[in-house]
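Hi,

Here is the structure I promised to pass on. Have a look at it first, and my notes on what turned up are underneath.

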Amino acid sequence: MLKKTEEFLIDNYNISERTFEIYRQALKDTAEQFEDYDEIREYNQLKVLKAFQTEKISDAHFTNTTGYGLDDIGRDSLDKVYANIFKTEAGLVRPHFVSGTHAIGCAIAGNVRPGDKILCVSGLPYDTLLGVLGLSKKKNSGSLDEFGIKTDIVDLDSNGKFQFEKIKEAIKADSSIKLIHIQRSTGYAARKSFLVSEIAEVIRHIKEVRNDVSIFVDNCYGEFIEIVEPTEFGADIMAGSLMKNIGGGIAPGGGYIVGKKNLVDAAANRLTVPGVGGEYGATYGLMRSFYQGLFSAPHVSIEAVKTAIFCARVMEIAGFKVFPPSSDKRTDIIQAIEFGNSKKLVNFCSGIQAGSPIDAFAVCEPWAMPGYDSEIVMAAGAFISGSTIELSADGPVREPYIAYIQGGLNFDHGKIGVLIGLSKVLEVE
Ligand SMILES: *Cc1c(COP(=O)(O)O)cnc(C)c1O
């Protein structure tokens with residue numbers, strides 16, 4: 001760090017000498033690991049580039065469509081580019097998905113029928129999915145359980161790993177199970193995220209027992225962190241959010257589904273209506289940003305991983321428990337830090353907020369959020385509202401006061417955010 005940078009930080013953000021010491025040490029400790037991620041980024045960039053070239057993407061794909069959006073070539077070709085990248089038969093990439101939850105909801109709801117059962121094998125799904133399935137405290141009208149579609153959960157073991165035998169028993173015992181839900185990233189749980197190799201292993205076990213179940217993977221935050229994706233190992237359908245990795249910080253919103261054609265088509269019928277599916281849907285001039293975001297995504301995702309690893313190392317040195325540890329191989333961009341204290345949690349988030357390009361002046365306060373069961377504190381100063389590929393931190397205000405930090409369009413900014421966050425945490429001690 002230049003002396004001038006340090007002075008700048010002290011003059012503007014009141015960073016202590018102790019904070020700088022931790023910062024310097026963490027940078028040294030993580031340098032070697034970063035080289036591995038540069039290689040992943042290089043491979044994935046090539047993969048994305050080639051997909052664009054294979055589908056012959058040109059200026060014509062950026063045109064503005066209105067109305068019904070029939071024959072929107074930008075949209076239809078983007079579906080193919082995604083399918084190419086994820087090595088699937090089909091893709092459905094739409095601004096009409098209001099969020100990742102919506103894409104996941106369509107992927108699931110489109111592929112189950114009354115009397116079918118969903119089996120979640122990576123424990124309780126992400127908070128916002130509980131409302132979709134009908135598992136939340138506050139019932140939502142129209143949740144799947146109201147349609148006679150029940151959900152069973154197989155918990156992870158005490159080490160946060162899949163329980164292969166229990167999963168197999170559950171599937172064998174109940175022929176109404178038609179869809180398996182696997183969540184790659186940790187969400188608001190204190191467990192590690194699943195490497196693609198671990199997801200591949202559980203899929204192998206499931207397919208040993210039954211081949212007629214559809215395997216769904218929630219891929220949120222996982223895209224481009226490894227050189228392979230779950231769809232290359234038997235995941236039949238997968239979904240995620242464009243406000244995360246694969247939007248590259250440029251797509252202004254949306255979600256995606258990739259997978260087997262019949263399953264993606266069924267999900268498209270849920271997004272629109274049966275008979276219309278993915279063939280309607282004007283894109284209102286958004287396609288250029290979707291393509292450009294996708295093109296940037298391998299780079300941006302790795303910048304975010306570096307921010308996560310750096311944050312983990314910083315917090316380890318400062319004496320906090322982190323999930324995953326800084327030295328762990330990553331499969332998503334999430335870093336959890338256990339503060340064990342609500343003030344430290346809120347201060348950390350305030351630091352991230354103060355370091356944001358947008359809304360740096362805003363005060364972070366815990367708030368009840370739609371879709372979540374407890375109060376949440378959120379730091380977000382993003383160009384795209386709520387975008388979590390941009391540097392952001394949040395956490396439910398409940399024991400043990402865990403902050404989840406993710407994103408960072410570039411590591412230079414990520415580092416600064418973490419530095420200010422740490423400095424505010426150390427103030428509490
Ligand atoms: C973020 C997330 C979702 C939901 O995505 P939204 O765009 O916030 O609706 C679902 N599952 C996991 C694991 C996530 O991290």
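**What I found around the ligand and beyond**

Let me start with the ligand: helix α4, residues 100–109, supplies the largest share of the shell around the ligand, with three residues. Before you go further, keep in mind that this is a predicted model.

The full list of residues around the ligand runs Ser 99, Gly 100, Thr 101, Ile 104, Tyr 126, Gln 183, Asp 218, Cys 220, Tyr 221, Ser 241 and Lys 244. By type, that shell splits into five polar, four nonpolar and two charged residues.

Three polar approaches to the ligand are worth clicking on:

- Asp 218: an N or O atom in its side chain sits 2.6 Å from a nitrogen atom of the ligand.
- Gly 100: a polar backbone atom here is 2.7 Å from an oxygen atom of the ligand.
- Ser 241: a polar side-chain atom lies 3.2 Å from an oxygen atom of the ligand.

How much of the ligand's surface does the protein bury? The ligand taken alone exposes 380 Å², and the protein buries 90% of that.

Back to α4 for a moment. The helix is mostly covered, with eight of its ten residues buried. Those eight are Gly 100, Ala 103, Ile 104, Gly 105, Cys 106, Ala 107, Ile 108 and Ala 109. Two of the buried residues, Gly 100 and Ile 104, also appear in the list around the ligand. At the start of the helix, Ser 99 brings a side-chain oxygen to within 3.3 Å of the backbone nitrogen of Thr 101. Both Ser 99 and Thr 101 are in the ligand shell too.

Now the overall layout. The protein is divided into domain 1, made of 3–46 + 298–426, and domain 2, which covers 60–294. Their C-alpha centres lie 27 Å apart. The contact between them takes 32 residues from domain 1 and 33 residues from domain 2.

I also looked at three single residues away from the ligand list.

Ser 289 belongs to helix α9, residues 287–317. Is Ser 289 buried or exposed? With a relative accessible area of 12%, Ser 289 counts as buried because that value falls under the 20% cut-off. Its side chain reaches the backbone oxygen of Leu 286 at 2.7 Å. If you leave aside neighbours within four places in sequence, Ser 289 is in contact with Ile 250, Ala 251 and Pro 252.

Glu 365 sits in the loop between α10 (342–354) and β10 (376–380). Glu 365 has a relative accessible area of 54%, so it is classed as exposed, the cut-off being over 50%. Again leaving aside neighbours within four places in sequence, Glu 365 is in contact with Ile 376 and Val 377; both fall in the range given for β10. Asn 347 is 18 residues from Glu 365 in sequence, and their C-alpha atoms are 9.8 Å apart in space.

Ala 173 is part of helix α6, residues 164–173. At a relative accessible area of 70%, Ala 173 is exposed. Where does Ala 173 lie relative to Leu 78? These two are 95 residues apart along the chain, and 41 Å separates their C-alpha atoms.

That is everything from my side for now.

Cheers

Note on methods
Residues are numbered from 1 along each chain as its sequence is written. This is a predicted model: local features need pLDDT of at least 70, side-chain atom pairs count only at pLDDT 80 or more; totals for chains, interfaces and linings use all residues. Side-chain values use heavy atoms; hydrogens and water are left out. A residue is near a molecule or strand if one of its heavy atoms lies within 4 Å of it. A polar contact is a pair of N or O atoms within 3.5 Å; within protein, one must be able to donate a hydrogen and the other to accept it, and residues adjacent in sequence count only if both atoms are side-chain atoms. Accessible areas come from the Shrake-Rupley method with a 1.4 Å probe; for residues, only the protein chains shown count as cover. Helices (H or I, at least four residues) and strands (E, at least two) are DSSP runs, numbered from the N terminus. Ala, Val, Leu, Ile, Met, Phe, Trp, Tyr, Cys and Pro count as nonpolar, Asp, Glu, Lys and Arg as charged, and the others, Gly among them, as polar. Buried means under 20% relative accessible area, exposed over 50%, partly exposed in between (1.4 Å probe, protein chains only). Contact means heavy atoms within 4.5 Å. Domain bounds come from an automatic or database domain assignment.
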